Amino acid sequence: MHKFDYIIVGSGLAGLYAAYKASFKGSVAIITKSLLRESNSFNAQGGIAVVTACDDDPQIHKSDTLIAGRGLCEEASVDILVNDGPDRIAEIIAEGMKFDTEGGALALGLEGGHHKRRILHAGGDSTGKWTTEFVISKVAERPNVEVFENTTLLDLLISDGVCYGVRCWSENEKLAAEGSDNGSEVLLYANHVFLTSGGTSAIYARTTNPETTVGDGLAIAYNAGCRIVDMEFIQFHPSALYQKDSTKAILISEAVRGEGAHLLDKRGRRFMVPIHELAELAPRDIVARSIFKQMQKDGVPNVTLSLRHLDSAKILKRFPGIQAKCKEYGHDLTQEIPVAPAAHYTVGGIASNLNGRTDIGRLYVCGEIAATGIMGANRLASNSLIECLVFANRAVEDSVQVGQALQTPHFDKKFCRDDANSEAYVALKSEISNIMNRYAGIVRSEEGLTKGLNKIAALKAQLEERVAARGGECREFYEEASRRLLTVASLIMTPALMRKESRGGHYREDYACADEAFAVHSVQQKGKDITTAEVNANCFNF
Ligand SMILES: Cc1cc2nc3c(=O)[nH]c(=O)nc-3n(C[C@H](O)[C@H](O)[C@H](O)COP(=O)(O)OP(=O)(O)OC[C@H]3O[C@@H](n4cnc5c(N)ncnc54)[C@H](O)[C@@H]3O)c2cc1C
């Protein structure tokens, strides 16, 4: 029997930092779907929002976060983020993390929605890579952490509302049954399970996320009974490189606009100037929607990001990684590049209290998968990496209070896998992604969302018919993966249909204004009708 004190699902910053911290409390297993470095965290560019300058203050960071969150932020969570953030950063700097400096002091960038320069960055535009590599190096120093790559979470082992471990499919030679060609089902047990498997944006056709980010953990937790909050709020990043005939969307960090880049329409005019006082640095939802509308107005698939007027040497020094990507696709960042919005960040997630606890005992969540209420209806740029550090640390500290599980119940294996079914999965994934882009994208409507939900229901019925016709004893890997995608699609569209207003990352063309009646969280729980919860009313306190 494989048993650990902690199982961490996912190897993004939330998972890695939780693993590092947990390793001081007991043994740790990290399981990750693909390779250790395959995560949004690794790809993060712009930086980490945290107060370090003496002319800045956590209260200003809080105020910026609340403004971006459009009335749905849980203030207690935001207070923790802005006040604990500087401590976490001081700690990792003391342990050896190197952020970029200027004249001996931390270099501070500016991003959309921030009223102060407070964005720490590393390696220029490779903050995610540098920070993740740093935490990986700390994890590697710990003798009691085992990493299992190519190991996919399939389900949680739950008995009487308590989580005792995970059911996964592993192609990792340390775990998979000997002689199995395409891996095998493995049960791993732990005193505490941390779900840090990230968001859902790769369920959209055009996304900045890697293909692993399709919301597995979210669907699994929903099926296990966790409340799922605010899933209608999807952040579409305004500026991802546009490439004809490709859904791959390379992110052009907001920090590029922070350095002064201009967004131009097809006539070369700065169309953001009359729209918002912060122009190109207005909050993300406003910039993304304005670009989308400008593209529709001009009948073009992209707008232009122009850096011609900026100091090329400075741009090349600050954004070497982005320039390398641009060059790969035949563009030059110091001149003009075509950009269009892409699905980027999942604002909602699994309901979590201030210490990462969920509706299920011994199951913690942190990072993008968690709904702590920090992001409200829209994430303030660069607030997510710092959320990973702050809340992973809190969850580990909390787990110590919970202590060890007394007795582990017995769980049977249930899964099989037929790789001949992977093609059907890929086709279904593409169909779902197109539905999401078309009906649950930047601009939504009652008619579109109803159509989208009906299409998802029809695909689900077809899938279940195929499953029934197959018969058999086992739960098939690809059928289960297909069910998860359909669940996630429905978890996004159901509250989007309910929310008859526009707010943050959710825009309805049929209800274009915010409506105070909807200044509430949406809450979904399996077997129950969708409902709402008041903001700042301890609804996540359990
Ligand atoms: C291109 C890009 C740039 C960004 N830039 C910034 C930035 O500058 N600053 C900022 O604050 N935020 C940024 N963000 C957002 C930020 O990167 C993410 O919100 C954050 O990294 C999420 O961290 P995480 O640990 O929760 O999840 P992730 O980093 O997404 O990691 C999730 C992990 O879970 C694994 N996983 C998924 N499903 C399973 C499964 N079924 N079984 C096992 N493992 C699984 C994945 O493989 C991955 O290892 C950016 C995002 C993108 C996409």
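Let's start at a pair of strands: β14, covering residues 262-264, and β15 pair in the antiparallel sense, with 3 bridges between them. Within this pairing, L263 stands opposite L305 in β15. Keep in mind as you look around that this is a predicted model.

Strand β15 has a second partner to visit. Strand β16, residues 336-346, is joined to β15 by 4 bridges, and the two run antiparallel. Here T304 faces a proline across the pairing, standing opposite P338 in β16. Strands of a sheet pair through backbone hydrogen bonds, either parallel or antiparallel.

Now follow the side chains of β15 itself, which spans residues 303-306. In a regular strand the side chains alternate between the two faces of the sheet. Which residues of β15 point to one face and are buried? They are V303 and L305. T304 and S306 point to the other face and are not buried. So that you can put the pieces together: L305, one of the buried residues, is the residue that stands opposite L263, while T304, which is not buried, is the one opposite P338.

Let's step back to the whole chain. The domain assignment divides the protein chain into domain 1 (1-233 + 347-400), domain 2 (236-342) and domain 3 (420-515). How far apart are the centres of domain 2 and domain 3? Taken over C-alpha atoms, 29 Å separate them. The two domains do touch: 6 residues of domain 2 are in contact with 5 residues of domain 3. On the domain 2 side, helix α8 (residues 284-298) gives the most, with 4 residues. By class, that side has 4 nonpolar and 2 charged residues, and no polar ones.

Another place to look is an open sheet of 5 strands, in the order β19-β17-β12-β22-β23, with mixed pairing. Its edge strands are β19 (370-371) and β23 (531-534), each of which pairs on one side only. Inside this order, β12 (residues 228-229) and β22 (residues 520-524) run antiparallel and are joined by 2 bridges. There, I228 stands opposite Q524 in β22.

Our last stop is the ligand. It is surrounded by 45 residues, and the closest are G10, G12, S41, G198 and G367. Among the elements that give two or more residues to this shell are the helices α1 (13-22), α2 (40-43) and α5 (127-140), along with strand β9 (151-159). Strand β16, which we met as a partner of β15, also belongs to that group. What is the shell made of, by class? It has 12 nonpolar, 29 polar and 4 charged residues.

Note on methods:
Residues are numbered from 1 along each chain as its sequence is written. This is a predicted model: local features need pLDDT of at least 70, side-chain atom pairs count only at pLDDT 80 or more; totals for chains, interfaces and linings use all residues. A residue is buried if 20 or more other C-beta atoms lie within 10 Å of its own, exposed if 12 or fewer, and partly exposed in between; C-beta atoms are placed from the backbone. Two strands pair if DSSP finds at least two bridges between them. Domain bounds come from an automatic or database domain assignment. Two residues are in contact if their C-beta atoms, placed from the backbone, lie within 7 Å. Ala, Val, Leu, Ile, Met, Phe, Trp, Tyr, Cys and Pro count as nonpolar, Asp, Glu, Lys and Arg as charged, and the others, Gly among them, as polar. A residue is near a molecule or strand if its C-beta atom, placed from the backbone, lies within 6 Å of it.
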